[in-house]
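Biologist: Please take a close look at a single part of this model, the largest nonpolar core. I would like to know which residues make it up and what lies around it.

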Amino acid sequence: AEAASRRVLGEVNYRLLRERVQARLLMVTHGAAGVALIDDAGERWVAARPVENPVDICGAGDSFSAGAALALAAGAGPEEAARFGNLVASITIMKRGTGTASPAELMEAAAR
């Protein structure tokens, strides 16, 4: 998102980037710090789930995106979708290589 913003706008401005690409929602992940949500309601922050000693962060962004997209498609709002994306990523980063998160693993992690 940062590179796209610099390329399109010449600066990092996620609100303007969202408007320029005519997106209803822009989610910008910031690793362990969480995700910024930018939409018509403004800009807000959703914290990431704390994970101690991740094994391999390869695929964390893809895991987040898949989880967030699934949640949005199922009718979740942006904050809930970001939390679900973070949940999925929190599972996959505890596995070597590009991990996956099974439904059972998601249910177990959500219960904690």
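Modeller: What follows covers the core and then the largest pocket. This is a predicted model, in which local features need pLDDT of at least 70 and side-chain atom pairs count only at pLDDT 80 or more, while totals for chains, interfaces and linings use all residues. Residues are numbered from 1 along each chain as its sequence is written, and side-chain values use heavy atoms, with hydrogens and water left out.

The largest nonpolar core has 11 residues: Met27, Val35, Leu37, Val46, Phe64, Ala68, Ala71, Ala76, Ala81, Ala82 and Ala89. Such a core is a set of buried Ala, Val, Leu, Ile, Met, Phe, Trp, Tyr and Cys residues joined through side-chain atoms within 4.5 Å; buried means under 20% relative accessible area with a 1.4 Å probe, protein chains only. Two or more residues each come from strand S2 (35-39), helix H3 (60-73) and helix H4 (78-92), where helices (H or I, at least four residues) and strands (E, at least two) are DSSP runs numbered from the N terminus. Leaving aside residues up to four places away in sequence, Ala68 touches Met27, Ala81 and Gly85, contact being heavy atoms within 4.5 Å. A second, separate core has 7 residues, among them Tyr14, Leu17, Leu26 and Ala36.

H3 and H4 also each supply at least two residues to the lining of the largest pocket. A pocket is an open set of points on a 1 Å grid over the protein atoms alone, with protein on both sides within 12 Å along at least five of seven lines, and lining residues have an atom within 4 Å of a point. Of its 18 lining residues, Gly31, Ala32, Ala60, Ala89 and Ile93 are the closest to the centre.

Key
Buried < 20%, exposed > 50% of the residue type's maximum accessible area, 1.4 Å probe, protein only. 1 Å grid on protein atoms, 1.4 Å probe; cavity = no way out; pocket = protein on both sides within 12 Å on 5 of 7 lines; lining within 4 Å.
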